[in-house]
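Good morning, colleagues. Please bring up the sequence and the structure, and I shall begin with confidence before turning to the core and a helix pair.

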Amino acid sequence: MSLLQELGAQLRATSEELPTGLVTVAMERLRSATELLNWVRQTSVDPMGVPQLGNATEHAEHAAAALRLAQDAIEAYLAALGLAGQTGAPPDTDYKAGLQPKEQQAGRDDQRPPAPEKLGPWWQERVAELTGEAPPPPKEGAAPSGPTDTAELLRRVAAGVRSGDRARLGRDLHGVNAATGLGLSAASSPVLRKLAGDLLGHEPRPEDLPRLQNAAGGRVRSLLPGTPPALLDTMLARICRAPAKEEQPAHPADSAVTAGVLTGVLLARLGRDPATLDPSAPEPVRPSGADA
């Protein structure tokens, strides 16, 4: 390997090691928290930290943009050196940053179940409105059998989407508490951009928005008939980094559930199994030169 090729390999490795996925996950968690507090504020005059969360979200967005600019600058420099498109770059696995179990993220081995929620069954009520599926009747003495964390929930949602079984989708979403369900927004965000890029054959751009709307819109709305019409368009616009229309703050459950179902739809369009969302799963092999 020549000195120039070695420099190119080091630059590509540096670009791939930038924590874009982690920053995106943090940004989506802040956005989800803001949506939840905005929803709660409708019955309170206390701002309850929403301005501070808004500032933190803005900082995270600036950090994500700076990381993307750094990656673009590295790619432009490699192109100027004549090294663009060469093989040997590390696989892009940072997009799975939000799929690690919480115990592993925090480095803890505490496997105790979470304490029961005290805010009432608002998550289940909203899931019923979105999916049109009522929550299953509780079984006395039966242990909960729903997903144990957000990553597992995302895989189950994707499997329900692939099978087209809305009843199954509703059961899986009803079977978790609000904290696990709301985590779908953060876990899905970097995954959605990666899947959209694989479907398009390049990084999503603003001009790709109509194509993604045609590819995913009908399937998402058929599985989630109660989803606000503008929410999916806003979500796809974020993926393409296109301007989104200013809308009233969405119900936090709407954003989370729609993000999970959209992930399943894009996986199905790519012909991939939901098991590929496992953080330890190997990267899907994409045929050379293929453009979905």
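Which helix of the chain has the lowest mean pLDDT, and which the highest? Helix α4, residues 102-106, has the lowest at 49, and α10 has the highest at 94. Here pLDDT is the predictor's confidence in each residue, from 0 to 100, and helices are DSSP runs of H or I of at least four residues, numbered from the N terminus.

This is a predicted model, in which local features need pLDDT of at least 70, side-chain atom pairs count only at pLDDT 80 or more, and totals for chains, interfaces and linings use all residues. Residues are numbered from 1 along each chain as its sequence is written, and side-chain values use heavy atoms, with hydrogens and water left out.

For the chain, the mean pLDDT is 77, and 72% of residues reach 70 or more. Over residues 87-91 the pLDDT is below 50.

I turn to the core. The largest nonpolar core, meaning buried (under 20% relative accessible area, 1.4 Å probe, protein chains only) Ala, Val, Leu, Ile, Met, Phe, Trp, Tyr and Cys residues joined through side-chain atoms within 4.5 Å, has 51 residues. Helix α12 gives the most to this core, with 10 residues. W123 is among the residues with the most contacts inside the core. Beyond four places in sequence, W123 is in contact (heavy atoms within 4.5 Å) with residues including L173, A253 and V257.

Finally, the helix pair. A196, L199 and L200 of α9 meet R211, L212 and A215 of α10.

Terms used: Buried means under 20% relative accessible area, exposed over 50%, partly exposed in between (1.4 Å probe, protein chains only). Helices (H or I, at least four residues) and strands (E, at least two) are DSSP runs, numbered from the N terminus.
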